[in-house]
Amino acid sequence: MTAVEADSGRLKGEADEPGWEVDPDDEWGVAVIATVGRQLKLRREAVGMRAAEFGAAVGYGEDMVYKIEGGKRIPRQDYLVRADGVLGAGGLIAAAWEDVKKVRYPKKVRELAKLEGQAVEIGVYECNSVHGLLQTPEHARALFEAAQPPYSPDDVERMVAARMARQSVFRRDPAPSVHYVLEEAVLRRRVGGTMVWRQQLERLLEVGRLRNVTFQIMPTETDAHPGVDGKIELLKFPDGTAVGRSDGAFSGRPTSDPKQLRILELRYGTIRAQALSPRESLAFIEQVLGET
């Protein structure tokens, strides 16, 4: 794909490129994007280029240029790389991507990804949906598009990209030890249609076979267990500290209190004991996949 859309000759604008709005409550993000935008504008004016001329040169519409320079829009990497070449910045503008990429996702997602990136052990029980670290892009998009009130197309794309970026946790070296327990009902909900659903089941099998991942399924016919109150998450860190959260405990808020963590660990351990073994669980997913 060239700077100008090959199929129509049009410059890329908001409709073509779902660039992301800056969250006004994210002070650090606002500061980073404002600084990058200001530097872009100063360099453009220094070489005597009008916004429309510059936009044509990098393949974006004039109003997108103004939004990025005004700190209202988060630039994508290709925008910065093209701008660097057009303005002869010698790599300085392109290098701004290192800061921009840290703030391109919502603040809450960044904080969660940071914790997941630091954890040496992650334990999750999920009863309502496939956990975010396990979702395919199509599955995640279908979930976000089903929300009410609906998200804008820009917000959907931003959240899908943020969710996929969190999955880099599986590529860490050394990799964390990851444990999942999913309810059977989650496997059988055909989110996004049959094809998307099948791809999601295949993704679960792929992750479940990783050496650092333990994957278990809780059959629907199982008796009551400590997870009936909702999702449980536990993250443990190299220094021995931990953080946990459960929908059915401590008002759903994250906790690092040792006494409360012991309660969550007890509940999670009991859930794992009642679920199918990892080997049985992978066989169960294959069985569900074969039923289509």
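In this predicted model, Gly123 touches His179, Ile232, Glu233, Leu234 and Tyr268, when residues up to four places away in sequence are not counted. Gly123 belongs to strand β3, and because its relative accessibility is 5%, below the 20% limit, it counts as buried. The C-alpha atom of Gly123 lies 8.4 Å from that of Ser177, although the two residues are 54 places apart along the chain.

**Strands around Gly123**

Three of the residues touched by Gly123, namely Ile232, Glu233 and Leu234, fall within strand β6, which covers residues 232-236. Strand β3, made up of residues 121-126, pairs with β6 in the antiparallel sense over 5 bridges, and in this pairing Glu121 stands opposite Lys236. Strand β6 is also joined by 5 bridges to strand β7, residues 242-246, and these two strands likewise run antiparallel; here Glu233 stands opposite Arg245. Why is β6 described as largely enclosed by the rest of the structure? The reason is that 4 of its 5 residues are buried.

The hairpin formed by β6 and β7 has 5 residues between the strands, and among them Gly240 takes a positive phi near 90°. Most residues other than glycine have a negative phi.

A further pairing involves β4, which spans residues 177-183, and β5, which spans residues 213-218. These two strands pair in the parallel sense over 6 bridges, with Val178 of β4 standing opposite Val213 of β5. Strand β5 is mostly covered, since 5 of its 6 residues are buried. The pairings described so far are set side by side below.

| Strand pair | Sense | Bridges | Residues standing opposite |
|---|---|---|---|
| β3 and β6 | antiparallel | 5 bridges | Glu121 and Lys236 |
| β6 and β7 | antiparallel | 5 bridges | Glu233 and Arg245 |
| β4 and β5 | parallel | 6 bridges | Val178 and Val213 |

**Helix α8 and the loops on either side**

Helix α8, residues 153-166, has 14 residues and reaches 20 Å from its first C-alpha to its last, which is close to the 20 Å expected at 1.5 Å a residue. Its buried residues are Asp154, Val156, Arg158, Met159, Val160, Ala162, Arg163, Met164 and Arg166, a list in which charged side chains such as Asp154 and Arg158 appear beside nonpolar ones such as Val156 and Met159.

Where in the chain are Pro149 and Pro174 placed? Pro149 sits in the loop between α7, residues 137-145, and α8, while Pro174 sits in the loop between α8 and β4. The peptide bond from Gln148 to Pro149 is cis, with omega near -5°, and a cis peptide bond also joins Asp173 and Pro174, where omega is about 0°. Most peptide bonds are trans.

**The second largest cavity and its lining**

A search of the whole structure finds 2 cavities of 30 Å³ or more, and the second largest of them holds about 30 Å³ of space. Its lining is made up of Val130, His139, Val186, Leu187, Arg189, Trp197, Gln200 and Leu201. The elements that give two or more residues to this lining are α9, residues 184-188, and α10, residues 194-208, and the largest share, 3 residues, comes from α10. By class, the lining has 5 nonpolar, 2 polar and 1 charged residues.

Two of the lining residues can be followed further. His139 is found in helix α7 and, at 4% relative accessibility, counts as buried; outside the residues up to four places away in sequence, His139 touches Val130, Val191, Val196 and Gln200. Val130 and Gln200 are thus both contacts of His139 and members of the cavity lining.

Is Arg189 buried or partly exposed? At 45% relative accessibility, Arg189 counts as partly exposed, and its place is in the loop between α9 and α10. Leaving aside neighbours within four places in sequence, Arg189 is in contact with Asn128 and Trp197. The C-alpha atoms of Arg189 and Val130, which are 59 residues apart along the chain, are separated by 9.7 Å.

**The chain as a whole**

The protein chain has 12 helices and 7 strands, and 45% of its 292 residues count as buried. Among contacts between residues at least 6 apart in sequence, 72% join residues at least 24 apart.

Technical notes:
Residues are numbered from 1 along each chain as its sequence is written. This is a predicted model: local features need pLDDT of at least 70, side-chain atom pairs count only at pLDDT 80 or more; totals for chains, interfaces and linings use all residues. Side-chain values use heavy atoms; hydrogens and water are left out. The expected span of a helix is 1.5 Å times one less than its number of residues. Buried means under 20% relative accessible area, exposed over 50%, partly exposed in between (1.4 Å probe, protein chains only). Two strands pair if DSSP finds at least two bridges between them. On a 1 Å grid over the protein atoms alone, a cavity is a set of points where a 1.4 Å probe fits but cannot get out, and a pocket is an open set with protein on both sides within 12 Å along at least five of seven lines; lining residues have an atom within 4 Å of a point. Grid points are joined across faces, edges and corners, and a volume is the space filled by probe spheres set on the points. Contact means heavy atoms within 4.5 Å.
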